[in-house]
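Reader: Before I get to the bench, could you walk me through this one? I'd like to know what we're looking at.

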Amino acid sequence: MPASTVVTGIVLSAMPIGEYDKRIVLLTKELGKISAFAKGARKPNSALLACSQPFSFGEFSLYVGRTSYNVVSADISNYFPELREDINSVYYGMYFCEFAEYITRENNDEKEILKLLYQSLRALAKKTIEYPLIRLIYEFKIMALSGMAPQVFKCVKCEKTSDNYSFSSTCGGLLCGSCLKFDERAVRLHTSSVYALQYIISRDVEKLYTFRVSREVLNELAVCAGSYLNHYLGHEFKSVELINSLSD
């Protein structure tokens, strides 16, 4: 790799290092997830001050050292200022970034997850659909892009299609009525919930945030997502506590 490179990406997180520096985590189109040092970024007059904040998206010029990357400069095309004006959108945005940081890897092709994160932050900024639905779409889609998509087009056991489905996290997707014996705790789904899952899993990222659902469907999807993430990830995200505190 050359001594310097330019990557397109978004800042997932940032933490202070020493008195003036920052260590940032970037999700990039070219290198997957990487860590980089932004030297002097905590100084009030630093040129790297703004570009080392979470949600910042653009081109980052990096110096490639033997063991680390260093940010030389950045051309930020979107800071997502709308998110910073509202505590609700900040918490949801933090969750999306934390999730992406957990599930992505260095030198992996993470372009679709980068695209998903960007479009999800845009959806939060636009406020055209409710935040809980944006969250559910993001959760199911990022699992799908990571190779952990549930089977939502036919019964995961007998592989037959049906008019009546239930969702089983332990089985990995939909169960027809005849196969409910494999998971008696499976969540019965309305047809609209099944259609929503199929849309999320199959559609391009750019077309995800274009629909709304009833409260009943939203609740069903929330139960399915919570169970599915717990079964396949088993990870507690710190930012979820912040989101939950919004309704306390």
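**Loops, a helix and the whole chain**

Reader: Is glutamate 159 buried or exposed?
Author: Relative accessible area decides it: buried is under 20%, exposed is over 50%, and partly exposed is in between (1.4 Å probe, protein chains only). Glutamate 159 comes out at 54%, so its label is exposed.

Reader: What kind of model is this?
Author: Numbering starts from 1 along each chain as its sequence is written, and side-chain values use heavy atoms, with hydrogens and water left out. Local features need pLDDT of at least 70 and side-chain atom pairs 80 or more, while totals for chains, interfaces and linings use all residues, since the model is predicted.

Reader: What is phi of glutamate 159 near?
Author: Most residues other than glycine have a negative phi. Glutamate 159, in the loop between α4 and β6, has a positive one, near 65°.

Reader: Which residue in the loop between α2 and α3 has a positive phi?
Author: Look in the loop between α2 and α3 (111-126). The residue there has a phi near 65° and isn't glycine. With a relative accessible area of 60%, it is exposed: asparagine 107.

Reader: How far apart are the end C-alpha atoms of α2?
Author: Helices are DSSP runs of H or I, at least four residues, numbered from the N terminus. The expected span is 1.5 Å times one less than the number of residues, so the 17 residues of α2 should cover 24 Å. The model agrees, at 25 Å.

Reader: What share of the 248 residues is buried?
Author: In α2, buried residues include Tyr91, Phe96 and Ile103. Across the protein, the buried share is 48%.

Note on methods:
Helices (H or I, at least four residues) and strands (E, at least two) are DSSP runs, numbered from the N terminus.
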